[in-house]
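Please look through the structure shown here with some care, beginning with a single side chain and moving outward to the overall form and to the confidence of the model.

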Amino acid sequence: MFQLRWVWARMAGSHKRYVFALFSTAILAVLELGNSMITATIMDTVFKPLQDSGLVTPEVVKHLGLLAALLVGFTLFRTGFGYLSLMTYETCSQKLIYQLRRDLYQNMQEQDQAFFSTNRTGDLMTRLTGDMDMIRHAVCWVLRQLISCTVLFLTTAITFLVTDWLFALSMLLATPLIFLLTLLFSKRVHPLYVELREKLSRLNTAAQENIAGNRVVKAFAREDYEIARFDEKNRDYKQANKTASLLWLKFSPYIDTLSQALSIAVLLVGGTFLISGRISIGTFTLFNSLTWTLSNPMRMLGMHLNDLQRFFASSSKIIELYYAKSTIVSRPDAQKPTERIKGKVEFHKASLTLHGTEVLKDIELTIEPGETVAIMGPTGSGKTSLVSLIPRFTDTTKGQVTIDGLPVRLYDLHALRSSIGIATQDVFLFSDSVDGNIAYGNSSLSEEEVKRYAKMADVDFAEKLAEGFDTVIGERGTGLSGGQKQRIALARALAVRPSLLILDDTTSAVDLETEKYIQDQLAALDFPCTKIIVAQRISTTKRADKIVILENGRITETGTHQELSQKPGYYREVFLLQNGGTEDERQVV
C-alpha cells in the first residue's frame with residue numbers, strides 16, 4: 001500500500017476535494033438503494049391495497065403522485081450529485097498527473113550521464129505516458145469503483161438483513177466463496193502485470209531506437225531484420241498480455257456463476273416466502289430489484305483489483321524515477337560568480353574511472369584565460385572525457401578541476417554551465433527553426449544577433465532554405481548534412497558568448513575552406529573566451545597556443561605546433577600522415 005500513500009502525498013492541495021469525492025462515492029452507493037426502496041413502498045402502500053379493495057380513491061391517487069414525484073426528484077438529485085462527484089475526481093486526477101509529470105520531467109533533466117546510460121529511452125517514455133495514465137486511471141476510476149462496490153454491497157447486505165434476515169442469509173451464502181476467488185486472483189495476477197509492464201517498456205525501446213536510427217537501417221538494408229526484431233518484442237508483449245487476460249478468464253466463470261446464483265435464490269427462496277406469507281410483494285420487489293447491488297460488485301471486484309495491480313506495477317516505476325538522484329548536483333554552499341568568468345582552467349592530478357576502467361590518469365594541465373588549446377590523441381584516449389570534466393558532465397574520481405582557482409564542484413551548476421559553450425561532433429538539433437536552434441541557449445537574441453553568430457559559424461546555407469532562418473528543420477537535423485549541422489551547433493555555442501568554448505571535433509565534417517573561415521572567426525571573437533578544441537586535423541590544431549596529446553588517459557606531449565612537429569611522437573606522426581610524407585621524405589616547415 002506504499003504506492004497509495006505516496007500518491008496521496010503527491011496530491012497535496014487537493015486532499016479536501018479528493019476526500020469529498022471519496023465520501024460522495026460512498027453516499028452515491030447508499031443512494032443507489034433509494035429508487036428500489038421507493039418502488040417497494042409504492043408496491044406495498046398503493047398497488048397492494050388497490051389489488052385487495054379494487055377501489056381507486058383520491059387519497060390513493062394523491063399518495064401515488066407524491067411517491068412518483070419523490071422518485072423523480074430523488075433520481076434528479078442523485079444524477080446531479082453524481083456529476084459533481086465525477087467532476088471532482090477528474091479535476092483532482094488531472095491536477096495530480098500534470099504536477100507529477102512535471103516533477104518527473106524536471107528530475108530527469110537534473111540526471112547525469114550515468115542515469116541515461118543505464119535507463120532505456122523507451123522505458124523512460126513509458127513511465128511518462130502509459131504509467132502516468134495508469135495512475136490517473138486508478139485515482140479517478142479504480143478507487144472510486146472499489147469504494148462504490150464495497151459500500152453498495154455492505155449497504156445492501158445490511159438493508160436485506162434488517163428487512164428479512166433469513167432471506168438475506170440465503171442470498172449472501174455464496175459471497176465468501178466469491179471474495180476468496182477474487183483475492184486469490186489478485187495475488188496471482190500481480191507478478192504478471194510487473195512482467196507485462198517490462199515487456200511494454202522493451203517494445204517501446206525497440207520502436208524508439210528504430211525510429212532514431214532509421215537512416216542507418218536503410219543504409220544497411222536491414223528493414224527485414226528490424227521488422228523481425230520488433231515482431232519478437234511485439235509477440236512477447238502480446239503473450240504477456242494474453243497470459244494476464246487468460247488468468248482473469250480462468251477465474252471469471254466461477255465468479256459469474258456464483259454471482260448469478262443470487263437471482264436464482266431470489267426466485268426460489270423469495271417465491272417460497274411470498275407464497276407462505278412471510279414477506280410482502282414490496283419486500284420481494286425490493287430484494288429482486290437490488291440483487292444486482294450484490295452480484296455486480298462481486299463480479300466487478302475482480303476487474304477492479306486487476307486494474308489495482310496494474311497501478312501498483314506502474315506506480316512502482318514512477319516512484320523509482322521520482323526518487324532517482326543525480327550524483328552531480330550543486331552543493332548547498334555552491335558559489336554563483338558575480339562577474340564574468342575569466343576562463344583559467346586547471347587540472348590537478350585529475351583522474352576519472354568509468355564502469356571500472358580508469359579513463360584519465362593524473363592529468364596535470366593549466367589553460368590560461370583567452371588561450372586556445374587543442375587536444376589530440378588516438379581514439380579512446382580520453383579526450384571527450386577530459387573536456388567533460390569542465391562543465392561537470394562527469395566528476396573526477398581523484399584530483400580536481402578548477403576554473404579561475406575555484407574547484408568546479410564549488411560552482412553553482414547552472415551558473416557554471418551557463419558560462420560554457422559546447423559543440424560536439426555528434427550534433428543534436430531540435431525540431432525547431434534554424435533561428436530557434438541557434439538561439440537555444442539565449443532565447444532573447446534578436447534576429448540580427450542570431451544572423452551575426454550564424455555568420456561566424458558560416459551558416460550561409462540557411463538563407464537558401466525555403467523560409468530562411470525560420471525554416472523548421474527535422475528532428476535531430478534531418479535533411480541537413482553533417483557539416484551543416486555542425487555549423488549550426490557551433491553558432492549555438494557562440495551565441496551564449498561563453499567564457500569557455502569547448503569544441504569536440506566540431507569541424508570534422510566541414511571542408512577545409514570552411515574550416516579556415518571558422519578558425520579566422522574564432523580568432524577574432526569580440527568577447528574574451530578560452531577555447532578548448534578536440535580535433536584530429538592538423539589544420540585545426542596548428543593555430544592553437546598549446547597542443548596537448550593524450551594517450552591511454554595520460555598527457556604524453558605538450559607544446560606548440562612548431563615544437564611538436566619537430567620531435568618524434570604522436571603529433572609528428574599525424575602531421576606527416578596528413579601531409580602525405582614520411583620522416584625521411586619531408587622536412588617540417
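Cys 529 counts as buried because its relative accessible area is 5%, below the 20% under which a residue is called buried. Cys 149 is likewise buried, since its relative accessible area is 8%. In this predicted model, Cys 149 takes part in no disulfide, and the nearest cysteine sulfur, which belongs to Cys 140, lies 15 Å away. A disulfide is a covalent bond between the sulfur atoms of two cysteines, and a pair is counted as one only when the sulfur atoms are within 2.5 Å, so the 15 Å that separates the sulfur of Cys 149 from that of Cys 140 rules this pair out. For the structure as a whole, the number of disulfides is zero.

From these cysteines one can turn to the protein as a whole, where 46% of the 589 residues count as buried. The accessible surface amounts to about 30200 Å², and carbon and sulfur atoms account for 58% of that area. The radius of gyration is 36 Å, whereas a compact globule of 589 residues would have a value near 25 Å. The extents of the C-alpha trace along its principal axes, about 130 × 50 × 45 Å, give the dimensions behind this picture. As for how the chain is connected in space, 77% of the contacts between residues at least 6 apart in sequence join residues that are at least 24 apart.

The secondary structure consists of 20 helices and 10 strands. One local motif can be followed in detail: strand 9, residues 546-551, pairs with strand 10, residues 554-559, in the antiparallel sense and over five bridges. Within this pairing, Glu 551 has Arg 554 of strand 10 as its bridge partner. The two strands, 9 and 10, make a hairpin with two residues between them, and in the turn Asn 552 adopts a positive phi of about 55°.

It remains to ask how the confidence is distributed over the model. The mean pLDDT of the protein is 85, with 96% of the residues reaching 70 or more. Among the elements, strand 4 (residues 398-403) has the highest mean pLDDT, 95, while helix 8 (residues 214-219) has the lowest, 74. Over residues 584-589 the pLDDT is below 50, although this stretch has nine contacts in the model beyond near neighbours in sequence. Where pLDDT is low, the predicted coordinates should not be read in detail.

Methods
Residues numbered from 1 in each chain as written. Predicted model: local features only at pLDDT ≥ 70, side-chain atom pairs only at ≥ 80, totals over all residues. Heavy atoms only, no water. pLDDT = per-residue confidence, 0-100. Helix = DSSP H or I, 4+ residues; strand = E, 2+ residues; numbered from the N terminus. Contact = heavy atoms within 4.5 Å. Buried < 20%, exposed > 50% of the residue type's maximum accessible area, 1.4 Å probe, protein only. Rg over C-alpha atoms; globule rule 2.2 N^0.38 Å. Areas by Shrake-Rupley, 256 points an atom, 1.4 Å probe, with all protein chains shown as cover. Pairing = 2+ DSSP bridges.
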